[in-house]
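Hi,

Here is the structure I promised to hand over. Have a look at it first, and my notes follow below.

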Amino acid sequence: MIVKETHGTTSAFINGIFQRVIWVLGEPVLVCVLEQNGLYVEFTCRQPTMERFLGALFITKRILGLDQNIVDFYNKFKNDPVIGTTVKKAKGISIPTIPDLMECTVWAIIGQQTTISSTTTLFNILTKTYGILERFGKYALYLFPQAKEV
């Protein structure tokens with residue numbers, strides 16, 4: 001599958017690498033994911049600890065939807081007259097999720113805008129206004145703001 005390179009405020013997909021900065025135990029962690037003989041995930045932070053690594057792993061699995069039971073869904077809908085063909089073509093794809101309740105709530109509210117463009121614009125304004133720009137070497141992404149910052 002060819003995926004267009006994108007660079008958003010909180011995540012980017014460049015040169016085949018998905019990048020996202022997340023909060024883990026009060027510190028920003030850069031998550032880089034690429035497909036290389038399976039799924040390769042790398043975490044970068046300023047103060048690495050085992051607890052932070054496990055927290056980053058938990059959040060990353062959630063973001064990528066790796067713990068979703070997709071087999072039941074595909075089995076149930078593969079012969080559906082309306083979506084069966086699409087389900088068969090997309091077999092194996094899980095639904096990415098949002099890492100925390102604050103970001104999920106914001107997306108739910110601003111996602112009610114009339115267009116994807118207006119939703120994305122509002123999300124980017126909020127993130128750039130209240131989020132924190134984090135730099136990890138050549139990567140620079142915003143951390144989504146926490147509730148106390150908004």
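**Helix α4 and its surroundings**

The side chains of R20 and E103 are joined by a polar contact of 2.6 Å (a pair of N or O atoms within 3.5 Å; within protein, one must be able to donate a hydrogen and the other to accept it, and residues adjacent in sequence count only if both atoms are side-chain atoms). Please keep in mind that this is a predicted model, where local features need pLDDT of at least 70, side-chain atom pairs count only at pLDDT 80 or more, and totals for chains, interfaces and linings use all residues. Residues are numbered from 1 along each chain as its sequence is written, and side-chain values use heavy atoms, with hydrogens and water left out.

R20 lies in strand β3 and is buried, at a relative accessible area of 7% (buried is under 20%, exposed over 50%, partly exposed in between, with a 1.4 Å probe and protein chains only). Helices (H or I, at least four residues) and strands (E, at least two) are DSSP runs, numbered from the N terminus.

On helix α4 (residues 101-110), the buried residues are E103, V106 and I110. They cover an arc of only 60° around the axis, which puts them on the same side of α4 (the arc is taken from the directions from the helix axis to the C-beta atoms). Exposed L101 and I109 sit on the face turned away from that buried side. The buried residues pack against β3 (17-24) and α5 (116-130).

At the N-terminal end, D100 caps α4, with a side-chain oxygen 3.3 Å from the backbone nitrogen of M102. M102 itself is partly exposed, at 22%.

Best wishes

Key. Contact = heavy atoms within 4.5 Å.
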